[in-house]
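Here are a few short exercises to work through with the model open beside you. Try each task before you read its solution.

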Amino acid sequence: MSATAPVAEMAPLELLEGSTAIARAAILSNCRFFAGYPMSPFTGLLENMAKLMPAAGGVCINAESEIEGVNMVIGAASTGARAATGSCGQGIALMQEAVAEAALNETPLVIFNMARNQQDYFQCTRGGGWGDYRTLTLAPKDVPEAVEHTQLLFHLADKYRAPVILYGDPLIAQTRVGVRLAAPDLEPLAPKDWALDGTMGGTGKSRQVWTWAMGKVTDPGLGPDGHWRAVADKFEMIAAAEQRWESAYADEAETLVIAFGSAAKFTEYVVDELRAEGHSVGWFRPITLWPFPGAALAQATRSSRRVLVYELNAGQMLDDVRQFVHDRDTVRFIGGVSIHESGLSYGPLLDAPVLRDRILAAMAQPTER
Amino acid sequence: MSVINTQTPPTGPAQKVAEFHTPLILGEHGLCPGCGEPVALRILLETLQELNLVQRTIGVVGHGCYGSFVRIMDIDVLQCLHGRAPACATGIKRMRPDTAVFTLQGDGDMVNEGLQEVIHAAARGENVTCILLNNGVFGDTGGQQTATTVLGQRTKTSLEGRDAEKHGYPIRIADIVASVDGAGYVARGAVNTAREVMRTKRLIRNAFESQLAGEGLSLVEILTMCPTGWFVTAPDGPDYLESSMTAAYPLGVLHSRSAEAN
Ligand SMILES: Cc1ncc(C[n+]2csc(CCOP(=O)(O)OP(=O)(O)O)c2C)c(N)n1
Ligand code: SF4
Ligand SMILES: [Mg+2]
């Protein structure tokens, strides 16, 4: 299953940089508030938002820190507006208290992690806040998919009243490609009758957005125990309902390569090349990093003799692969930390010939079964 | 006036000396006897009523003893993270410019944890009203030193009294905000006497009027009694406030854009 937002086939094809395409997709999804703090490669998205928001009747604020940016977004979202922020690495790390808060007080918001590499996998999927929460994370493989995912994320954030993440990277932020942009066509959602509009004061039914959900003395809420159980149940439900993945040749390949995001795009290319040369190889791509498509991975690896994990970090998704793979002994890590000398992007390991060599080297090793 | 002995429980139960009603308060507060914060809440809510703002107001409440007011105030409220109320208020006001937006914060919340928030919100000229309940301690966590604790004040983290050499000087946040170009109205009041309560209520009213006139950020700092955190008896709280705090934090209007324009 790889259900994503319907592609706008009728819209004209435009040559756009990823940051511009994502900003426009967000505005087409009715995002009307954006706040962020510059950090490469996220900066382009912030600049595009600053340029495009006023004409859409929205607001973009160059916040004084990531902490304030994300808290402004919580405020905006608490009124029912669609709101987003973004950053990468350290900037997203600064936001973690607020991400947990949004999860627990149930304000929907979208976080664009335009990451410098793939080292933020744990940050996105485990989170650095506190409490029993998760962040639904979509990892597009290229700019057109980032556009689809952006629109889908605003929808899912509202549907589940939760913070959600787009895991981008320098290639997605800064590559110019042809994309089609149109307003998304997604299932209608319930009205936001929880949102603060200021009108309920003095009625005895004034609204609260509150992590502790204690309600009023005249109308008690669930309180932390009941509310946080309900939130935990909600994330369990999302975990079951929202797993997305894509794979090719899994049933007929001895070797299966697992990769996400841009690395998966390179993997697809290399696997096609190797197959054309007669090698028995396939690929599997988690599209949602959380919820991780564990059952699908278990199924896809049932007949694999080698499961190769290719990610541009020291082995973070590797934990999830090991958790769900059909046979743990088949797993080999062929990724690694690889950073461009600027520190702002990928190093030489994200390259088709290098990946090809690593896959071939792994395939030359004996298998466990 | 002596510092109370906290080793033994009080000798008698707390007694209510006066009853105040506003329809926006849904029930009893759970704060200490002699606490100044419920008085500040009452005049804030009365002001909203008098300005006919009740059904177009959103409050943003930080973390301190006043946080429990969320349970008793009949106003749309976002309970935000410690220190972040001015940022949240910014997002709210920008999306709902027709509402009156206020923050309710303590000295620990605004001047310690969230110092940059209020200054930047003022610099942006956000049309929100920030209410600072300054009691010079972290009341909620049991009476530790905050950025506004006055010199000489004994707290659990300045046991011999705040000493500038050891603990630094208190920050006068209202003076700082008053000096920021985007501020519309800044004033400091207190709730230790009936007269100051009435005066402070006028300051709150001025602040909301400034917000509605779009003058920029308004801030009303209210000196409030915290007998528990000061280790004095409830009846001694008001005098203790007068003798310890008002010299460091002079009362009055510090900045008014409309007054300066006239
Ligand atoms: C991030 C974070 N750090 C610490 C706390 C603990 N905490 C809760 S209330 C409070 C004190 C608040 O002091 P103040 O704002 O002056 O309010 P008061 O209780 O004095 O009215 C603190 C430190 C918290 N809730 N969140
Ligand atoms: S500790 Fe201080 S601020 Fe808190 S309720 Fe008691 S008197 Fe009020
Ligand atoms: Mg305090």
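**Exercise 1. Find which residues of helix H4 (residues 115-123) of chain B are buried, and work out why they lie on the same side.**

Step 1: Look for residues with under 20% relative accessible area, using a 1.4 Å probe and protein chains only. In H4(B), a DSSP run of H or I with at least four residues, numbered from the N terminus, these are B:Glu117, B:Val118, B:Ala121 and B:Ala122.

Step 2: Take the directions from the helix axis to the C-beta atoms. The buried residues cover an arc of only 125°, which puts them on the same side of H4(B).

Step 3: Recall the general rule. An α-helix has 3.6 residues a turn, so residues three or four places apart point the same way.

Step 4: Move just past the end of H4(B), where B:Gly125 has a positive phi of about 70°.

A word on the ground rules: this is a predicted model, in which local features need pLDDT of at least 70 and side-chain atom pairs count only at pLDDT 80 or more, while totals for chains, interfaces and linings use all residues. Residues are numbered from 1 along each chain as its sequence is written, chains are lettered from A and ligands numbered from 1 in the order written, and side-chain values use heavy atoms, without hydrogens and water.

**Exercise 2. Describe the lining of the largest pocket.**

Step 1: On a 1 Å grid over the protein atoms alone, a pocket is an open set of points with protein on both sides within 12 Å along at least five of seven lines, and lining residues have an atom within 4 Å of a point. The largest pocket holds about 1700 Å³ of space, counted as the space filled by probe spheres set on points joined across faces, edges and corners.

Step 2: Its lining has 47 residues, and B:Gln15, B:Cys32, B:Pro33, B:Gly34 and B:Cys35 are the closest to the centre.

Step 3: Sort the lining by class, with Ala, Val, Leu, Ile, Met, Phe, Trp, Tyr, Cys and Pro as nonpolar, Asp, Glu, Lys and Arg as charged, and the others, Gly among them, as polar. You should get 28 nonpolar, 15 polar and 4 charged.

Step 4: Check the elements: H1(B) gives the largest share, 4 residues.

**Exercise 3. Explain where the second largest pocket lies.**

Step 1: Find its centre, to which A:Arg207, A:Gln208, A:Ala213, A:Gly215 and A:Gly221 lie nearest among 21 lining residues.

Step 2: Bring in the domain bounds, from an automatic or database assignment. Domain 1 (13-180) and domain 2 (212-241) of chain A both contribute to the lining, so this pocket lies between them.

Definitions and conventions:
Buried < 20%, exposed > 50% of the residue type's maximum accessible area, 1.4 Å probe, protein only. Helix = DSSP H or I, 4+ residues; strand = E, 2+ residues; numbered from the N terminus. 1 Å grid on protein atoms, 1.4 Å probe; cavity = no way out; pocket = protein on both sides within 12 Å on 5 of 7 lines; lining within 4 Å.
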